[in-house]
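Please work through the following exercises with the sequence and the model open side by side, and try each task before reading its solution.

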Amino acid sequence: MRFLTALFAALMAFSAAPVASLAQSSAPIISYDSKFHPTLARKGMVVSQDYYASEAGLEILRLGGNAIDAAVATGFALAVTHPQAGNLGGGGFMLVYLKSEDKVVAIDYREMAPAGASANMFLDASGNVDNTRARFSLQSSGVPGTVMGLTDALSKYGSLPLGTVMAPAIRLADEGFPMTWALNVSLSRYRERLSRDPVTRAQFFKEDGTAYPQGEIFRQPELAKTLKEIAAKGADGFYKGWVADRIVETMQADGGLIDRRDLANYVAKEREPLTGTYRGYQVVTMPPPSSGGVHVLQMLNVLEGWDLKSLGHNSADYIHRLTESMKYAYADRSKYLGDPDYFDVPVAALTDKAYAGSIRGKINLERATPSTEIAPAPKLPFESKDTTHFSTMDASGNMVANTYTLNFTYGNGRTVAGAGFLLNNEMDDFSAKPGTPNAFGLLGGVANAIAPGKRPLSSMTPTLLFRNGQPVMATGSPGGSTIITAVLQTVLNVAEFDMNAATATARPRIHHQWFPDRLILEPGHSVDTRRILSEMGHGVSAVASYNEGERVLGATMTIIRRPDGLIAGSADPRRPGAHAAAY
């Protein structure tokens with residue numbers, strides 16, 4: 001009942017969204033119903049966590065832009081309308097499928113540790129992790145990668161000028177937009193933390209300290225000025241010049257580490273995407289320093305050895321197999337995953353089907369194995385919760401899956417004075433002390449230790465699906481440590497159970513991450529299923545997230561190209577305001 005109530009509330013929030021797009025475009029050809037029918041389109045689609053951002057991407061598609069143009073427009077717009085995770089001061093990962101070349105490009109624009117960072121920088125005099133410093137100080141900020149990632153993607157694979165693609169975001173910041181219910185609620189919820197920084201307080205709140213009410217025009221002139229500088233000068237408008245000066249001045253005012261050299265040295269990297277197979281589908285996903293791609297493939301390899309469809313979707317036997325596979329994957333994550341430029345990540349071994357078979361052979365199909373009895377593989381064969389995701393697809397078959405973040409909701413809550421954007425606290429995604437969990441309860445080791453120039457390990461998992469060489473799906477999710485399992489279940493819902501985009505999105509999810517040893521079930525699973533799982537030895541929890549008590553797991557933004565050529569998409573109603581824009 002609670003799950004249905006949450007769906008209903010989210011749909012009501014969606015229905016209250018403005019009816020006209022930024023370009024006064026017509027409505028999608030089929031109305032959105034998250035429970036039964038996806039949004040359908042013939043020419044293109046953008047699915048994101050925010051109405052205005054999806055419509056910004058759609059505006060660019062209507063101007064003749066491709067899926068990459070639309071993705072970049074959406075990314076910059078989210079920095080304006082969804083500051084919880086949309087950003088200029090963070091980083092992320094993008095998968096780009098180029099239909100004409102039949103090629104997938106993986107763009108890593110994850111933050112980098114400043115040159116002044118060190119392995120023990122967050123340890124106090126007693127050798128314990130100082131979580132306040134690791135999460136809320138300016139030292140918690142890595143060198144931002146978003147602007148470089150988005151502008152690089154556009155210059156290499158887009159078709160429209162940067163100024164054109166950024167115009168919707170600039171307009172939203174300069175002229176403002178009616179405050180949404182979702183943003184009003186979020187700002188009100190985090191008002192105390194955000195108000196600790198006077199610059200952030202002035203950026204997001206009225207003079208009396210309250211959030212702008214729903215419907216009131218919310219303008220961000222300093223952010224608009226920054227966006228205009230980027231539109232005019234590209235990445236140099238952020239990493240050099242007056243914007244870079246403002247970042248460094250903010251850092252120097254309160255003990256931050258990022259300096260001019262760090263900004264000038266930042267690079268986005270193109271990496272070889274990871275590719276696996278499942279039931280005749282080709283699964284293409286993000287390589288390290290994302291851990292998500294490795295472990296989605298690892299778990300799919302384990303699960304492919306069972307006839308899951310015959311067990312029934314979300315039956316106790318099905319969930320048991322999912323859960324045990326998740327435990328082994330997250331155990332391996334704690335030891336073997338890190339920045340491949342600094343640590344030899346055994347990707348081939350972890351994604352090997354024979355290795356998956358050895359894991360499958362260890363799983364007791366009748367009883368849960370306690371996490372204390374599961375460890376990272378001793379030897380392998382040789383060889384932030386409030387993140388946000390968006391997906392785009394165009395008529396030509398190009399598609400983009402992009403996940404980016406500030407780590408915590410609103411990052412460390414610190415805004416760059418005079419430039420109007422929030423900073424990340426991604427340094428907490430490193431292992432400040434091996435064996436000590438981060439804010440999402442994830443354990444890490446030396447592979448993910450802090451080092452200058454290194455990129456922290458991430459759970460972000462943008463993923464593409466192909467069948468018979470043709471593009472099928474773009475998906476991804478926010479959710480911190482739950483991202484990987486949310487994406488896994490979305491892939492299974494489509495590839496194993498033949499669900500459409502909306503049904504695959506709406507079905508209740510589960511999560512287990514090895515430690516703590518508890519199986520999280522979203523509301524919507526039957527009482528009998530919970531009882532059977534408990535009798536099998538699972539520590540079943542009714543709490544559905546490791547982040548701030550929320551009762552949902554992830555928020556997938558999914559687009560599927562159907563065999564009849566129509567594009568079908570679904571914005572996850574778990575996050576109010578999410579929107580599929582199509583034509």
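A polar contact is a pair of N or O atoms within 3.5 Å, where, within protein, one atom must be able to donate a hydrogen and the other to accept it. The model used here is a predicted one.

**Exercise 1.** Determine where Thr415 is found, whether Thr415 counts as buried or exposed, and which side chain its own side chain contacts.

*Solution.* Begin with the chain path, which places Thr415 in the loop between strand S11 (399-405) and strand S12 (463-467). Next, Thr415 has a relative accessibility of 2%, and because buried means under 20%, Thr415 counts as buried. Finally, the side chain of Thr415 makes a polar contact with the side chain of Thr200, at 2.8 Å, and among the other residues that Thr415 touches are Asp197, Phe204, Thr250 and Phe421.

**Exercise 2.** Carry out an analysis of Ser481, giving its place, its burial and its side-chain partner.

*Solution.* Ser481 lies in the loop between strand S13 (470-475) and helix H19 (483-495), and at 1% relative accessibility Ser481 counts as buried. The side chain of Ser481 makes a polar contact with the side chain of Gln513, at 2.6 Å.

**Exercise 3.** Decide how helices H2 and H6 are oriented to each other, and which residues meet.

*Solution.* Helix H2 (residues 51-62) and helix H6 (residues 162-174) pack at an angle of about 150 degrees, with their axes 9 Å apart. Since angles over 145 degrees count as roughly antiparallel, H2 and H6 are therefore roughly antiparallel to each other. In the contact, Tyr52, Ala56, Glu59 and Ile60 of H2 meet Thr164, Val165, Pro168, Arg171 and Leu172 of H6; by class, this contact has 6 nonpolar, 1 polar and 2 charged residues.

How values were computed. Residues numbered from 1 in each chain as written. Predicted model: local features only at pLDDT ≥ 70, side-chain atom pairs only at ≥ 80, totals over all residues. Heavy atoms only, no water. Axes fitted to C-alpha atoms, helices over the stretch in contact; angles between N-to-C directions. Helix = DSSP H or I, 4+ residues; strand = E, 2+ residues; numbered from the N terminus. Parallel < 35°, antiparallel > 145°, perpendicular 65-115°, else oblique. Contact = heavy atoms within 4.5 Å. Nonpolar A, V, L, I, M, F, W, Y, C, P; charged D, E, K, R; others polar. Buried < 20%, exposed > 50% of the residue type's maximum accessible area, 1.4 Å probe, protein only. Lists of a residue's contacts leave out its neighbours within four places in sequence.
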